[in-house]
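Hi everyone, thanks for coming. Today I'd like to walk you through one protein chain, so let's get it up on the screen.

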Amino acid sequence: MKKIVFFFVLVTFSVMTSFAQKNDKVKNEEIKTIKANFSRINSIKNWSKIKEVETDDSTEGGLINYYYFLDDKLEKIVVRKFGESGQYLAEYYLLNNKLSFVFEQDTTYNFPLYWKEFDDKKSKIEESRYYFEDRKLIYFIGKSKNYKTESENTLVEFDELIKMKNNSK
């Protein structure tokens, strides 16, 4: 008699939420355009200007970098905020002078920085990707169930970053 052995494998995975507002064919073309722009911007090696602004709206401070290319055209904004229990990164990409894509990475440390138990390798990282056309969210990738509200907040934050850019030296 043959013995039959069953193995049960427990698979753990993160549930990613995705959202699309338009029909798939149109959305896919817009997303391809946004991704091509993302690749183009990230391939730039020699920026015509990078403007750095310090910010104190987090416990350990932060930096905002504005990246300009040909004719001092703003292409990208990178925000880094540091805290004792984590850090936040947001990258804003412009297409035709409008916000097209935002990548966010929120890192939560296992313990505050100053504790001896702190181990960066045990940090929890959550990422979100927002795709915009004409200030409307057309696609989202991430874990959040509140992505519509968060996308509206992202647009407000972007507007504030543009105001800061215009008001700083």
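I'll start with the overall layout, then go to the cores, the aromatic rings, the pocket and one loop residue.

Please keep in mind that this is a predicted model. The chain has 169 residues, and 37% of them count as buried. Its secondary structure comes to two helices and eight strands. If you read along the sequence, you meet them in the order β-α-β-β-β-β-β-β-β-α. Among contacts with a separation of 6 or more, 41% are between residues 24 or more positions apart.

Now to the inside. In soluble globular proteins, nonpolar side chains tend to be buried together. Here, the largest nonpolar core has 21 residues, and Y66, I77 and Y92 have the most contacts inside it. Which elements give two or more residues to this core? They are the strands β3, β4, β5, β6, β7 and β8, together with the helix α2, which spans 147–167. There is also a second, separate core of 14 residues, and W47, Y67, V78 and L89 are among them.

Let's stay with Y92 for a moment. Setting aside neighbours within four places in sequence, Y92 is in contact with a list of residues that includes I77, V79, L99, F101, F158 and L161. Charged residues are on that list too, including E75, K76 and E157.

On to the aromatic rings. The count of aromatic pairs comes to 13. One aromatic cluster is formed by F38, Y93, F101, Y131 and Y139. Two tyrosines that we have already met in the cores also have a lysine for company. The charged end of K51 sits over the ring of Y66, 5.9 Å from the ring centre. Likewise, K76 places its charged end over the ring of Y67, 5.5 Å from the centre.

Next, the pocket. What is the volume of the largest pocket? About 260 Å³. It is lined by 16 residues, and the closest to its centre are K81, Y88, Y92, E157 and E160. So here is Y92 again, this time in a pocket lining. The helix α2 supplies the largest share of that lining, seven residues, while β4 and β5 each supply at least two.

Last stop: Y114, in the loop between β6 and β7. Is Y114 buried or exposed? Y114 counts as exposed, because its relative accessibility is 56% and the cut-off is over 50%. Y114 and E84 are 30 residues apart along the chain, yet their C-alpha atoms are separated by 7.5 Å.

That's my tour, and I'm happy to rotate the model for anyone who wants another look.

How values were computed: Residues numbered from 1 in each chain as written. Predicted model: local features only at pLDDT ≥ 70, side-chain atom pairs only at ≥ 80, totals over all residues. Heavy atoms only, no water. Core = buried A, V, L, I, M, F, W, Y, C linked by side-chain atoms within 4.5 Å. Buried < 20%, exposed > 50% of the residue type's maximum accessible area, 1.4 Å probe, protein only. Helix = DSSP H or I, 4+ residues; strand = E, 2+ residues; numbered from the N terminus. Contact = heavy atoms within 4.5 Å. Phe/Tyr/Trp six-rings, centres within 6.5 Å; stacked < 30°, edge-to-face > 60°. Lys NZ or Arg CZ within 6 Å of the ring centre and 35° of its normal. 1 Å grid on protein atoms, 1.4 Å probe; cavity = no way out; pocket = protein on both sides within 12 Å on 5 of 7 lines; lining within 4 Å. Points joined across faces, edges and corners; volume = space filled by probe spheres on them.
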